[in-house]
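Colleague: Could you take a close look at one loop of this model, and then follow its surroundings outward through the salt bridges and the nonpolar cores? I would like one connected account.

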Amino acid sequence: MPLFSKKHDARVTAKYNLKEVLGKGAFSEVVKAEEKATGTEVAIKIIDKKSLKGKEEALQNEIAVLQKVNHPNVVRLFELYDDKNRLSVMELVTGGELFDRIISKGSYTEKDASSLIRQVLEALEYLHSLGIVHRDLKPENLLYFSPSDDSKIMVSDFGLSKMQDDEQMDQLGTACGTPGYVAPEVLRRKPYGKAVDVWSVGVISYILLCGYPPFYSENDSELFKQIMKGEYEFDSPYWDNISDSAKDFISHLMELDPKKRYDCEQALTHPWIAADKARDVNIHESVSAQMRKSAAKLKWKKAMLVAAAIKMMQISSQEHKHQETQEQEQQDSASAAP
Ligand code: ATP
């Protein structure tokens with residue numbers, strides 16, 4: 001059942017023609033739309049308000065900052081509507097998700113991975129300079145700008161993700177289905193900041209070079225333990241042909257202590273990014289084979305989480321209706337009283 005309802009969001013349907021669904025998250029869906037007046041195509045993310053309980057005012061304060069964001073590697077946020085659902089109108093990008101593209105490529109090298117990560121770090125350095133922490137950086141939020149072979153990569157979904165209801169995340173056991181990218185200090189419930197994004201870039205870099213995640217368990221609490229201990233390895237044979245420079249880069253990003261962890265500026269000057277240290281050897285076959293396997297596992301897990309989220313919302317909406325009926329009955333009996 002789509003989250004979007006014409007009845008609830010008439011201001012949006014007055015301005016935009018809504019088209020196909022582009023993707024779904026645990027509490028959201030993204031649809032393609034066309035601005036009626038100009039014909040400009042945009043993407044509209046529809047977030048179920050129930051996932052934002054208590055965080056609504058905070059967003060109002062931040063929206064002014066988010067709308068100022070303007071960087072070649074960051075998806076622009078044009079408008080925000082707050083009604084039954086929250087709708088953010090964004091720049092539409094058409095090149096698809098990061099891993100899907102890598103899997104379908106013919107050739108892929110460390111140099112390609114280094115160039116992708118450089119763009120992501122530049123976007124983050126910019127966001128961090130504005131005081132914006134992404135907090136939910138993951139491959140699904142890295143989208144190609146266009147289908148062309150030399151398309152740039154874009155960071156999407158910044159800023160808004162941190163408005164999610166922490167309690168609801170706990171109930172689902174994960175930060176919206178993607179605990180694998182979350183920094184250890186977040187799981188430890190310690191105060192955290194920009195460094196969490198750099199950790200996630202470390203995890204994404206790791207996957208880009210071998211095709212599978214550094215931490216994995218079917219069981220979330222086991223997965224959390226692995227992350228909190230920072231337990232990962234450069235396993236043989238998958239990492240045998242990867243440069244020492246790449247491994248050194250990843251170790252500085254996936255550094256357990258956020259104070260010792262590289263910041264974006266340091267990461268951008270690491271030789272794997274800034275000098276010619278990334279190897280030019282085709283690693284497509286092994287990486288894409290592993291990526292296919294991991295993507296299948298993660299998609300299955302995400303589907304389960306989306307189903308759990310829908311169930312939770314149905315229960316909470318039934319409770320809400322029940323409460324409304326009770327209130328109405330009380331009012332009716334009060335007004336019927338002599
Ligand atoms: P969550 O917010 O629950 O973490 P998510 O990040 O997994 O969810 P969404 O942000 O809802 O997912 O996006 C779902 C999918 O919609 C993306 O993976 C992408 O394929 C597509 N999408 C998101 N933003 C855009 C955009 N600006 N242009 C084109 N497609 C987009």
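Modeller: Helices and strands are here DSSP runs numbered from the N terminus, a helix having at least four residues and a strand at least two. With that numbering, His 71 can be placed in the loop between helix H2 (56–68) and E4, in what is, it should be said early, a predicted model. Although it sits in a loop, His 71 counts as buried, because its relative accessibility is 15% and the limit for burial is under 20%. Within the loop, a polar atom of the His 71 side chain lies 3.0 Å from the backbone nitrogen of Asn 73. Leaving aside residues up to four places away in sequence, His 71 touches Glu 122, Ala 123 and Tyr 126.

From this loop one can move on to the strand that follows. Glu 79 forms a salt bridge with Lys 15, with 3.2 Å between the closest N and O atoms. Since Lys 15 belongs to helix H1 (residues 10–15) and Glu 79 to strand E4 (residues 77–82), this pair ties together parts that are 64 residues apart in sequence. The two partners fall into separate classes of accessibility: Glu 79 counts as buried at 18%, whereas Lys 15, at 29%, counts as partly exposed.

The structure holds 13 salt bridges, and two further pairs deserve a look. Lys 19 and Glu 34 form a salt bridge whose closest N and O atoms are 4.0 Å apart. This pair links distant parts of the chain, with Lys 19 in strand E1 (residues 16–24) and Glu 34 in strand E2 (residues 28–35), 15 residues apart. Both are partly exposed, Lys 19 with a relative accessible area of 35% and Glu 34 with one of 23%. They also belong to a network of salt bridges that links Lys 19, Glu 20, Lys 32, Glu 34 and Glu 41. Elsewhere, the side chains of Lys 111 and Asp 276 meet in a salt bridge with an N to O distance of 2.9 Å. Here Lys 111 lies in helix H4 (residues 110–129) and Asp 276 in the loop between helix H11 (271–274) and helix H12 (284–336), so the pair ties together parts that are 165 residues apart in sequence. Lys 111 is partly exposed at 30%, while Asp 276 counts as exposed at 66%.

Turning to the nonpolar side chains, the largest nonpolar core has 72 residues, of which Leu 98, Ile 117, Leu 121, Leu 208, Leu 209, Phe 249 and Trp 272 touch the most other members. Helix H7 (residues 195–210) gives the most to this core, with 11 residues. Domain 1 (3–91) and domain 2 (98–312) both contribute residues, so the core lies between them. Apart from residues up to four places away in sequence, the contacts of Leu 209 include Glu 110, Ala 113, Trp 239, Ile 250, Trp 272 and Val 287. A second, separate core of 10 residues includes Val 31, Ala 33, Ile 46 and Val 89.

For the protein chain as a whole, there are 12 helices and 7 strands, and 49% of the 338 residues count as buried. Among contacts between residues at least 6 apart in sequence, 68% join residues at least 24 apart. The accessible surface comes to about 16900 Å², with 51% belonging to carbon and sulfur atoms.

Technical notes: Residues numbered from 1 in each chain as written. Predicted model: local features only at pLDDT ≥ 70, side-chain atom pairs only at ≥ 80, totals over all residues. Heavy atoms only, no water. Buried < 20%, exposed > 50% of the residue type's maximum accessible area, 1.4 Å probe, protein only. Core = buried A, V, L, I, M, F, W, Y, C linked by side-chain atoms within 4.5 Å. Domains from an automatic or database assignment. Contact = heavy atoms within 4.5 Å. Polar contact = N/O pair within 3.5 Å; in protein donor to acceptor, adjacent residues only side chain to side chain. Areas by Shrake-Rupley, 256 points an atom, 1.4 Å probe, with all protein chains shown as cover.
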